Amino acid sequence: MQISLRGLAAIPFAILAFGLPAIAQDVVHTAPRALVDLGSGAADGVFPRTIKHVLGETTLESEPKRVAIISTGQFDSALAAGVVPVATTRGNGQSGLVDPYLVTAYPDLSAQFDEVLDLGLRLEIDLEALAEARPDLILVNAAEDTPEERAQYETLSKIAPTVVTNATGVNWKVIYLLTADALGRREQAQAFLDQYHADADAFAASVAANPPTVSFIQSTGDRKRIFGVPSFAGSIAEDMGLARPDSQTFAKTSEDISTELLDQADGDWIFYAGRGDGIKVITEAPLWSTLEGVAAGHAVEVDFDPFFFNAGPTAARIVLDKISATIN
């Protein structure tokens, strides 16, 4: 099933990607911006094409028509590339098979979403259901090149041609480009990213004289985390020219904090989200009202899924638009 992109436009430290830094205009970006030694190099719509991915090479004889998603964030990438997957897994804590933010972003696809087959939890794939879905392309993420990841890749490849992308959320741009390349739509994805970067650059220019600090915190009730530069939301803030508080300049995706250390979540602007009792845990903590961002009325509750759960181009557009509308 395929879709158009008409509705999408209305949606209001360096890090290595498998050992290769992404460099554009002599600037090293936390979120890599280009496929380096990955992809097919073929023009859009040209098949057969051989995709070099993070665990090998896969040849696609014709344009995929039945795409199965194993790693949930790739569902976003496939939609943004104009294709509705026929099957997908669910992440732990995910409220439905298709994330609510995607249902909202693509209202014309509700009927197609109802037809998507459930492949079980992301870490407990229902291989029988996957085979019954008759995919002609399987998309999956791999955190590392490990024997376990390779074993999974080999298993999936016996069902259908499989393309593996880097699992880290900060790599969302190359995940999108590689996903789109496998679908024969890389140039289309690049056009989306070009517009995203143009909008982020315009915002960065508007705050260049005095960029405010932004803080990202989420809680699932039993766990509270602040997010660093090499995170999905952190990489978008970097693209937008925003500063980060010293407490969030660590070289990890996130750090767990206790209620007693909630001051590490302070910033000129605080973007927070929660699941379960998460919002209550954050906002009713004794230190919350003492934070400068809270006292200034600059603490903003945001949607958990696009900010902190699924890294993809639609989510990135939502995060960029939310931050831009809030601070400007």
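## Pocket, helix α1 and backbone exceptions in a predicted model

Six elements each supply at least two residues of the lining of the largest pocket: α1 (73-80), β9 (137-142), α5 (147-157), β12 (224-227), α8 (232-239) and α11 (304-309). Among these, α11 gives the most, with 5 residues. The model is predicted.

The space in this largest pocket comes to about 1100 Å³. Its lining has 42 residues, and those closest to the centre of the pocket are R122, A167, F308, F309 and N310. By residue type, the lining holds 18 nonpolar, 17 polar and 7 charged residues. Empty space of this kind is found by rolling a probe the size of a water molecule over the atoms.

The second largest cavity has a volume of about 40 Å³. Its lining is made of T72, F75, T88, T89, Q94, L97, V98, D99, L102 and N310. These divide into 4 nonpolar, 5 polar and 1 charged. N310 was named above among the residues closest to the centre of the largest pocket, and N310 also lines the second largest cavity.

### The protein as a whole

The secondary structure consists of 12 helices and 15 strands. The radius of gyration is 20 Å, close to the 20 Å that the globule rule gives for 328 residues, so the protein is as compact as a globular protein of that length. Along the principal axes, the C-alpha atoms fill a box of roughly 60 × 40 × 40 Å. Of the 328 residues, 52% are buried.

### Helix α1

How many residues of α1 are buried? The count is 8 of its 8 residues, so α1 is mostly covered. The buried residues are G73, Q74, F75, D76, S77, A78, L79 and A80. One of them, F75, is also in the lining of the second largest cavity. In an α-helix there are 3.6 residues a turn, so residues three or four places apart point the same way. After α1 comes G82, which has a positive phi near 100 degrees.

Q74 lies in α1. Its relative accessible area is 0%, and because buried means under 20%, Q74 counts as buried. The side chain of Q74 makes a polar contact of 2.7 Å with the side chain of T165. T165 also appears in the list of residues in contact with Q74, which leaves aside neighbours within four places in sequence; the others in that list are I69, L139, V140, N141, I175 and T179.

### Residue S219 in strand β11

S219 belongs to strand β11 (residues 214-219). Is S219 buried or exposed? With 0% relative accessibility, S219 is buried. Its side chain reaches the backbone nitrogen of G221 at 3.0 Å. Leaving aside neighbours within four places in sequence, the contacts of S219 are K224, A273, G274, R275, G278, V281, I282 and F304. Two of these residue numbers fall in elements that supply the lining of the largest pocket: K224 in β12 (224-227) and F304 in α11 (304-309).

### Exceptions along the backbone

Most residues other than glycine have a negative phi, and most peptide bonds are trans. Which residues that are not glycine have a positive phi here? D37 and R134 are two such residues, and the table sets out their values.

| Residue | Phi | Place | Relative accessibility |
|---|---|---|---|
| D37 | about 60 degrees | loop between β2 and β3 | 52% |
| R134 | about 50 degrees | loop between α4 (127-132) and β9 | 56% |

D37 counts as exposed at its relative accessible area of 52%. R134 is likewise exposed, at 56%; exposed means over 50%.

The peptide bond from F47 to P48 is cis, with omega near 0 degrees. P48 lies in the loop between β2 (27-28) and β3 (49-53), and D37 is placed in the loop between β2 and β3 as well.

V28 is in strand β2. With a relative accessible area of 41%, V28 is partly exposed. How far apart in space are V28 and A42? Their C-alpha atoms are 26 Å apart, while in sequence the two are 14 residues apart.

Methods:
Residues numbered from 1 in each chain as written. Predicted model: local features only at pLDDT ≥ 70, side-chain atom pairs only at ≥ 80, totals over all residues. Heavy atoms only, no water. Helix = DSSP H or I, 4+ residues; strand = E, 2+ residues; numbered from the N terminus. Buried < 20%, exposed > 50% of the residue type's maximum accessible area, 1.4 Å probe, protein only. Polar contact = N/O pair within 3.5 Å; in protein donor to acceptor, adjacent residues only side chain to side chain. Contact = heavy atoms within 4.5 Å. 1 Å grid on protein atoms, 1.4 Å probe; cavity = no way out; pocket = protein on both sides within 12 Å on 5 of 7 lines; lining within 4 Å. Points joined across faces, edges and corners; volume = space filled by probe spheres on them. Nonpolar A, V, L, I, M, F, W, Y, C, P; charged D, E, K, R; others polar. Rg over C-alpha atoms; globule rule 2.2 N^0.38 Å.
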